[in-house]
Every structure is written in structure tokens, then in C-alpha cells.
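Open the model in your viewer and keep the selection tool handy. We will go from stop to stop, selecting a piece each time and looking at what is there.

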Amino acid sequence: MSKYVFKRLLSGFFTVFFIATVTFFGMHAIPGDPLSSDKVMSEASKEALNKKYGFDKPLYEQYFIFLKNTAQGDFGMSFTKKGQDVNDIIKQGFSESAKLGVLAILFAAFGGILWGALTAKYRNKWPDYLIMIFVILGISVPSFVFASFAQLFIVFLNQELNLVFPYRGDGSFVSLLVPALVLGLGTMAFLTRLMRSSLLEVINSDFVRTAKAKGLNSWQIFKSHELRNSILPVITILGPAIASITTGSFVIETIFTIPGLGKQFVEGVQQNDYTLIMGTTVFYGSFLVLMVLVVDIVYGFVDPRIKVGESK
Amino acid sequence: MAEKVLDIQNLKVEFDTHGGIVQAVRGVSYSVEKGKTLAVVGESGCGKSVTVQSIMGLIPKPPGRVTQGKALLNGVDLLSLSDKESRQYRGRDIGMIFQDAMSSLNPTMTVGEQIAETLQIHKGMSKQDALKKAVNLLDLTRIPEAHKRIKQYPFEFSGGMLQRAMIAMSIACKPQVLIADEPTTALDVTVQDQVLELMKDLQREEGMAIILITHDLGVVAKMADDVAVMYAGEIVESGTVDEVFYKSAHPYTLGLKSAMPSMERNSHTGLVSIDGTPPDLFNPPQGCAYTARCPAAMKLCRSRKVEIFSSESGHRSQCWLHHKEAPVSVTAPINRFSGAEV
């Protein structure tokens, strides 16, 4: 097991290395360099930057400097946000995005499993049709539409019922609920479909028939026989979904004014903030690799047939 | 005469399909006595599995439905009970084992837990007690190192071991009836023999009745006390194993017997088969379902529903040749009854 994890971490390291390399050369392939901004820069600060990043040196030397800094976990200072370390920006942004993201994932996972199970149990009956209509909406309608309508709805409710439910992020837990729901909606819809088809397959399997023959009721059958055997595809999707959702969504964070990582990332790209783009990209890549590894390890616990890291 | 533990009376089962309604079981009656084994034989699709699955409440509804009939377990009609009530009997009074043990066990649950589950729900045992009992049950089915085995998953068992574990699971609550739906079809011959021996021994010890569904006449000869031959959703012949084998009273039974590979027969002639195919159960024939394939078919067979004829000993056959006015046929050397209608 530990050998397997080590091997996976090693290959993950190479993946991240590759991501960093591609980002680096991509950044340098676009016109303009980090120093050619509109603002006039003093000679002194230019020199300091050159000293740190080697902008006056050939590309390959810059690359090695970048790799060395990255390996030490140092992404440098932001070029556009005065006096801010990229590491601090990521730390702050990620802590906000992760709070929102974990909530969203919880909504998506539990919602997806619940709705998926209901649609499979009531296959081709009205609950199935009703839920599947919402699922198609959830998959096809962009999140900013839902976000705007959700905000409108909160404001409307507040007016009608004299409530003060926050319609945008104010740092409180309650204010995260609606954005998290909207953020998780697409994933929830997708997971519902996945859970439905996977459960339908399991419902018709021989071992469920055996369980019925033993005299179990449908809840006992679902709990101890159907759920565990149908949940594997959901877990597969959940890994990358955790990575992409917890690292922030620009749209949701902008609409609900939550200072998360997604917003920083997009702003970095818009403003051609060299260090911020590098930092966020490498961070996102590493996190994704880690989550996929976690999912592979969780497999082994859910399905005993999958022996993680045991070669025969 | 011993008491009937399970008595199925005139059972009819239908399935709705896109092509119409399939009449899978068309009035089946059979019963099994305490401590005895009834073998139900017939070719694929003749309704032998559907019959037992419908009394266990295992056929999916819809599209399936039981339109008529009773299944009396010690006088209680299982088919008239609510789902909640019939669950009490399933697994406790009737145990069931299936053909493919590998796919019939939950791959993500240890074998011990799956055996214990039955005891937990029917006997209200705690998990620890039930697991201890599971070890005993595996011992009983002659699985070595049972205390280790209960912690393993189905994929760590061999096919024969799995079928034993399956048997252990189905007899956990000491059922009165054990239904075995082709229990040895997926096993090779030596393992098949061991599993059948095991079932026989358990029957002797526990005194349970067994309904054995198979299409292997060798298995029937080894295991059964009584035999029911099914064709196109009906019982065409039933009786003791000797009666059905040596005094066959239906042309279909003769056909089945002659289709058995034989050591003596010249290997150059190849395997014998019954010509034709079973009738379309969307629209079953008015008369005898076997008419089209029967070498002794008469005009009457095509148009008139066959009555059941019976000998004094209770050997029954659903064939017009037993009628007292039927001509003496040479093409079907069946054992004629003296024309007693039921």
C-alpha cells in the first residue's frame, strides 16, 4: 500500500512538473513579458525583479530559476496586486473557495445519490420523470443563470417575509449555503444520472435477487447490497469534481462576491499576472492529482475486489 | 402418506412484454412432502424457474403477475399474503439457492456477513452471535477453516465453495423447504457430485423438503423421490422417479430420455434431439402444447385441451393417449393408464 502511494506520488510529481513546464513556456509564448506593463517601473525594482526571476537571462535559465523557486514552494510576489505574495493569495483564496466547495460537494454527492436512488427505484414512474426533468435543467442551464435567479429569489423572499437572509457572501456560514447549492447543482445533476444508471444495473443483478429470497425488506437491500455496489462510478467522478469545485468558480464567486481562488485565477489571466497564473495553475494541478489518488485509495475500501497497489 | 409441506395449485403467471403477454406458467400444480425431494425437469424457458420464483415473490412486478393459483406452505397461501407478511417466510421457512453462486452473492460483503444477515433478520440474533453461527454452518457444509473463510469475500472462493456457502446461507434458519434452482449447472462433474451429496446429507439431518430444478436427468436419478416434467408452462407428467423413468407416460418424457447421451449407443449416430421448437407462449396452442413435435399426435390433440390422466398409484400424465378410446399407437411406446381421468 505505502509502496503504491509512493509510486503514485512520484508519478503525480511528474504530472505536476509537466503542468508547470507547459504553463511556463505557454506564458512565455504569448506576446509581452512580465515587465512590460502600462505602469512605469523604477529601474531599481526592475533590477530587483531581474535578480529574482532572471528576466534578462535566456529562457532556459529563467526556466530553471522558475523550477527551483517552484520546488521550494515559492511562487513569488504578485505583479498586479501590490505587496501580496502569491502564496498568501492562494492560501486566502483557497480557504474561502474550499469552504464553499466542500459544502457544494456535500450537496452534490448526497443530492446525487439520493435523487439517483429515487429515480432508479421509481423507474418509469412520475418521480423518475420529474427528477430527470430537473436533472436535464441542471446539466444544461449555465450556473450564472441559476445564481442570478437564486439571488433574485432570496431578495424576493426577504421582502415578502421580512427576512434578512444574506444574498451575497458576507463571511458567515449561512451566506455560503445558496452559493454552494448553485455551485454544486451541475455536479449533482450529473451524479444523479450516473447513480441512476449504475443502480438500475445493480437492482437487476443476481445478488439482489438472493437478498430478496432471504427475506430482506427493500430498505435493508438498498442499504447493505445495492448502495455499495452502485456507488463506485459516483466516487470516480467525485475526485476530479472535488478538485475543480473546491478550487473555486469564477462565476459563482463573482456573483455572490466571495473572495475565492477562482476569482483570483481569472483576474490573474486577465491582467497577465505572471506569477499569479503560474502559482494558481500549479496549485490546481497538484490538488487534482492528489484528489485522483485519494479516490483510487477509497476504491479499495468500497470494493474489496480492488486491491490497491497489490500486484500478483 | 406424508404431509405436504409445499403445495402449489393451478399456478398461472404472465409477463407483459413489448410483443404482448407471455403466458409463462399455465396452470402448474405440484407438491413436495417432508423430507422428500421433488425434481422439476424441462427444457429452457418451460417455466420451471418462473414457477418457484413467483412463489418466492422474486419475479419483477410489473411486468410479471400471478393471475391464478395458490402456493400453500403448511396450509398458508403465500401468494395471498402482503409483501411484508410473505417476507417472514422467505429465507426462514423456504430457503433458495441459485445456479450461479458467484453472481448470486454480494461481491462487496464478506461471506460470513451474508450468512449472518439471514439469522439477524429472522432470528433477531446479534451480529456476533450470527457470525458464530455462520462458522458452524460453513463447518456443516464442509468448508475447511470456516472461521477464516467467513471473513473472506466471494471472489476469494472457488465455484464449488461458493455453492456450499450459498447452501449454508439458505439453510441458516432451518427451512422446511429448500428450493434449488439448477444448483449444479455451473459446476464441473466432481464438484457437482459433492454438492449434491451435501444436499442429501443435510436433508437427512434436517428433514427438509427439496425442490430441485434441473435439466440434467442424471441429477434427477441421483437425488429425486418424485419428478415433475414441465413443458411450455405446464406439468405434462409427474410421479415417482421410477414411474417417470421406467414407465414414462408422456411422449415428451420419452423424447427427453432418448435425447440423453448414452454410453451404449453407437457414437456414430450422434446425439438424438427432439425435432422442432417449443410453442410460442404469446399465443399457446388450444390443444396439447407438444402436438407439433409429438410423433404420436392425433387430430384431437391439436384442438382439444388435454385432460390429466392418472394411474392408481398417482402417476399422472397430460396426454390423450391415455383416453380409453385412443388408438393403440406404436410410435409412442408410453405406459398406458387404464383411462382414469382426473
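Why is strand S10 (residues 234-240) of chain B largely enclosed by the rest of the structure? Select those residues and look around them: six of the seven residues of S10(B) are buried, so the strand is largely enclosed by the rest of the structure. Please keep in mind throughout that this is a predicted model.

**Stop 1: the partners of S10(B)**

Keep S10(B) selected and add strand S9 (residues 226-231) of chain B. These two strands run antiparallel and are joined by six bridges. For one pair to highlight, pick B:Val229, whose bridge partner in S10(B) is B:Glu237. Now move to the link between the strands: S9(B) and S10(B) form a hairpin with two residues between them. Click on B:Ala232 in that turn, where phi is positive, at about 50°.

Next, add strand S12 (residues 316-317) of chain B. S12(B) also pairs with S10(B), in the antiparallel sense and over two bridges. Here you can highlight B:Ser238 together with B:Arg316, its bridge partner in S12(B).

**Stop 2: a parallel pair**

Select strand S6 (residues 94-97) of chain B and show the side chains. In a regular strand, side chains alternate between the two faces of the sheet. In S6(B), B:Ile94 and B:Met96 point one way, while B:Gly95 and B:Ile97 point the other way. Are these four residues buried or exposed? All of them are buried.

Add strand S7 (residues 177-181) of chain B, which pairs with S6(B) in the parallel sense over four bridges. Within this pair, B:Gly95 stands opposite B:Leu178 of S7(B).

**Stop 3: the nonpolar cores**

Stay with S7(B) and select B:Val177. Which residues does B:Val177 touch, not counting those up to four places away in sequence? The list is B:Val5, B:Leu6, B:Val32, B:Asp93, B:Ile94, B:Met208, B:Ala209 and B:Ile211. You met B:Ile94 a moment ago as one of the buried residues of S6(B).

Now widen the view. The largest nonpolar core has 108 residues, and B:Ala165, B:Val177, B:Ile211 and B:Val229 touch the most other members. Helix H7 (residues 159-170) of chain B gives the largest share of this core, seven residues. There is also a second, separate core of 55 residues, which includes A:Ala108, A:Leu199, A:Leu238 and A:Ala243.

**Stop 4: two loop residues in chain B**

Two loops are worth a click for their backbone angles. Start with B:Asn74, in the loop between strand S4 (64-73) and strand S5 (76-77) of chain B. Its phi is near 50°, a positive value in a residue other than glycine. B:Asn74 is partly exposed, with 14 other C-beta atoms within 10 Å.

Then jump to B:Arg142, in the loop between helix H5 (127-140) and helix H6 (146-149) of chain B. The phi of B:Arg142 is positive too, near 60°. With 14 C-beta neighbours inside 10 Å, B:Arg142 counts as partly exposed.

**Stop 5: where the chains meet**

Colour the two chains separately and look between them. How many residues of chain B are in contact with chain A? There are 23, and they are in contact with 18 residues of chain A. On the chain B side, the elements that give two or more residues are helix H2 (83-89), helix H3 (101-104) and helix H4 (111-123) of chain B. H4(B) gives the largest share, four residues. Sorted by type, the residues on this side of chain B are 10 nonpolar, eight polar and five charged.

**Stop 6: chain A**

Finally, select chain A on its own. Chain A has 13 helices and zero strands. Its C-alpha atoms fill a box of roughly 80 × 65 × 30 Å, taken along the principal axes, and 34% of its 312 residues count as buried.

Colour chain A by confidence: the average pLDDT is 85, and 95% of the residues score at least 70. Among the elements of this chain, helix H2 (residues 43-53) of chain A has the lowest mean, 76, and helix H5 (residues 126-140) of chain A the highest, 92.

For a last exercise, select helix H3 (residues 59-71) of chain A and check the distance between its ends. At 1.5 Å a residue, its 13 residues should span 18 Å, and the end C-alpha atoms are 18 Å apart, which agrees. H3(A) is followed by A:Gly73, whose phi is positive, near 75°.

Definitions and conventions. Residues are numbered from 1 along each chain as its sequence is written. Chains are lettered from A and ligands numbered from 1 in the order in which they are written. A residue is buried if 20 or more other C-beta atoms lie within 10 Å of its own, exposed if 12 or fewer, and partly exposed in between; C-beta atoms are placed from the backbone. Two strands pair if DSSP finds at least two bridges between them. Two residues are in contact if their C-beta atoms, placed from the backbone, lie within 7 Å. Ala, Val, Leu, Ile, Met, Phe, Trp, Tyr, Cys and Pro count as nonpolar, Asp, Glu, Lys and Arg as charged, and the others, Gly among them, as polar. A nonpolar core is a set of buried Ala, Val, Leu, Ile, Met, Phe, Trp, Tyr and Cys residues joined through C-beta atoms within 7 Å. pLDDT is the predictor's confidence in each residue, from 0 to 100. The expected span of a helix is 1.5 Å times one less than its number of residues.
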